[in-house]
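Please look over the chain below and follow one residue outward into its surroundings. The report starts there and then widens to the whole fold.

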Amino acid sequence: MQKVMIKGLAKDEKTLRELGVTRGSKVMIVGSKLDDVVNVNTPKAESTSSEKPSTSTSTKEPLSRQKIHRKILDKGLPDDVMPGIKNNKELLPSYPLSGMLNKHGGKVRLTFKLELDQLWIGTKERTEKINMNHIRQIVSEAIEGHEQYHIMGLQLGPTEASRYWIYWVPAQYVDAIKDTVLGKW
């Protein structure tokens, strides 16, 4: 119930000498008590069933009602927003998508550089060039009362906290954005 860490997790079957441990080497050992291991493993079925309802209730609240998104949505449609068409799917246009906002309320422009396999996120301050294969997931949801537009979150890191939120994305381009960035399966 112990693990040795030296330049990463050490293989159980290797000796310290084989791992390159010498005098002065820094080694970290992580261990657990038997009681702790048993407690973690035993109620696992119960905890997953009790976690599911809380997870589903938190995801049931629409993005457009969540406080984090309300501060942008309450400002209303941007003056230069592109027209949105609900219940319609279109290919990405050859020009950048513009008139959208980021979580700070700043203007956002999306440019798809297919030849470079990059998505350029342009703001007044800078243009961020992101390799499309670094975008792990895209979530989107129609904005209540303005279903022709979506809130879209591009997950740029390993956790949901690393989502780059874009507001007022025209609904007709949502599927095309997902297919272009994540690939069509």
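Gln118 is found in strand S5. The coordinates come from a predicted model. Is Gln118 buried or exposed? Its relative accessibility is 16%, under the 20% limit, so Gln118 counts as buried. What does its side chain touch through polar atoms? It makes a polar contact with the side chain of Asn131, at 3.4 Å. Neighbours within four places in sequence aside, Gln118 is in contact with Thr111, Phe112, Lys113, Lys129, Ile130, Asn131 and Met132.

**Positive phi angles**

Just before S5 (118-122) comes a loop from S4, and Asp117 sits in that loop. Asp117 has a positive phi although it is not a glycine. Asn87 is another non-glycine residue with a positive phi. Asn87 belongs to the loop between helix H3 (67-73) and S3. Two glycines have positive phi as well: Gly105, in the hairpin of S3 and S4, and Gly183, which follows H4.

| Residue | Phi | Place |
|---|---|---|
| Asn87 | near 60 degrees | loop between H3 and S3 |
| Gly105 | near 85 degrees | hairpin of S3 and S4 |
| Asp117 | about 55 degrees | loop between S4 and S5 |
| Gly183 | near 90 degrees | after H4 |

How exposed are the two non-glycine residues? Asn87 has a relative accessible area of 79% and is exposed. Asp117, at 40% relative accessibility, is partly exposed.

**Strand S3 and its partners**

S3 (97-102) is a strand with little open surface. Five of its six residues are buried, so S3 is largely enclosed by the rest of the structure. S3 pairs with S4 in the antiparallel sense, over three bridges. In this pairing Leu101 stands opposite Lys107 of S4. The hairpin that joins S3 and S4 has four residues between the strands.

S3 also pairs with S9, again in the antiparallel sense, over two bridges. Which residue of S9 is the bridge partner of Asn102? That partner is Ile166.

**Helix H4**

H4 covers residues 174-182. Its buried residues are Val174, Ala176, Ile177 and Val181. Why do they line one face of the helix? Seen down the axis of H4, these residues fall within an arc of 160 degrees, so they line one face. What covers that set includes S3 (97-102) and S4 (107-113). It also includes S7 (137-143), S8 (146-155) and S9 (163-170). S3 thus comes up twice: as a pairing partner of S4 and S9, and as part of the cover over H4. After H4 comes Gly183, with its positive phi.

**The whole chain**

The chain contains four helices and nine strands. Read along the sequence, they follow the pattern β-β-α-α-α-β-β-β-β-β-β-β-α. Of the 185 residues, 31% are buried. Take contacts between residues at least 6 apart in sequence: 47% of them join residues at least 24 apart. The chain exposes about 12800 Å², and carbon and sulfur atoms supply 52% of that area.

Definitions and conventions:
Residues are numbered from 1 along each chain as its sequence is written. This is a predicted model: local features need pLDDT of at least 70, side-chain atom pairs count only at pLDDT 80 or more; totals for chains, interfaces and linings use all residues. Side-chain values use heavy atoms; hydrogens and water are left out. Buried means under 20% relative accessible area, exposed over 50%, partly exposed in between (1.4 Å probe, protein chains only). The arc is that of the directions from the helix axis to the C-beta atoms. Contact means heavy atoms within 4.5 Å. Two strands pair if DSSP finds at least two bridges between them. Accessible areas come from the Shrake-Rupley method with a 1.4 Å probe; for residues, only the protein chains shown count as cover. A polar contact is a pair of N or O atoms within 3.5 Å; within protein, one must be able to donate a hydrogen and the other to accept it, and residues adjacent in sequence count only if both atoms are side-chain atoms.
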